Amino acid sequence: MSNTCDNKRDCPCTYDCPRHGKCCACVAHHRDHNEGVPGCFFSKEAEATYDRSIEALARDHGIIK
């Protein structure tokens, strides 16, 4: 398994951090630090709220109201 994270897509997250644009590093960091869902999983409007909860993700994707 490679230790590089080669993301070919632009990162839509507005939070500036050292993992910006490095999806696998970002997801691992959020998972390991219990920081919720990364911003790139959300729509632009929902990402702007900075609510990174599973519930916010489900609302954003129309799974719950």
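This is a short talk about a pocket and four residues in one protein model.

Hi everyone, a word on the ground rules. The model is predicted, so local features need pLDDT of at least 70 and side-chain atom pairs count only at pLDDT 80 or more, while totals for chains, interfaces and linings use all residues. Residues are numbered from 1 along each chain as its sequence is written, and side-chain values use heavy atoms, with hydrogens and water left out.

Let's begin with the pocket. A pocket here is an open set of points on a 1 Å grid over the protein atoms alone, where a 1.4 Å probe fits and protein lies on both sides within 12 Å along at least five of seven lines. The largest one holds about 220 Å³ of space, a volume being the space filled by probe spheres set on the points, which are joined across faces, edges and corners. Its lining has 14 residues, and Cys 13, Tyr 15, Cys 17, His 30 and Glu 35 lie nearest the centre. Lining residues are those with an atom within 4 Å of a point.

Next, Glu 47, which lies in helix 2. Helices are DSSP runs (H or I, at least four residues), numbered from the N terminus. Is Glu 47 buried or exposed? Glu 47 is buried, because its relative accessible area is 3%; buried means under 20%, exposed over 50%, and partly exposed in between, with a 1.4 Å probe and protein chains only. Its side chain makes a polar contact with the side chain of Thr 14 at 2.9 Å. That term means a pair of N or O atoms within 3.5 Å; within protein, one must be able to donate a hydrogen and the other to accept it, and residues adjacent in sequence count only if both atoms are side-chain atoms. Not counting residues up to four places away in sequence, Glu 47 also touches others, including Pro 12, Phe 42 and Arg 52, where contact means heavy atoms within 4.5 Å.

Now for two backbone angles. Most residues other than glycine have a negative phi. Asn 34, though, has a positive phi near 50°, and sits in the loop between helix 1 (23-32) and helix 2 (44-47). Asn 34 counts as exposed because its relative accessibility is 72%. Tyr 50 also has a positive phi, about 60°, and is found in the loop between helix 2 and helix 3 (54-60). At 48% relative accessibility, Tyr 50 counts as partly exposed.

Last comes Asn 7, in the segment before helix 1. Leaving aside neighbours within four places in sequence, Asn 7 is in contact with Gly 21 and Cys 23. Thanks for listening!

Notes:
Helix = DSSP H or I, 4+ residues; strand = E, 2+ residues; numbered from the N terminus.
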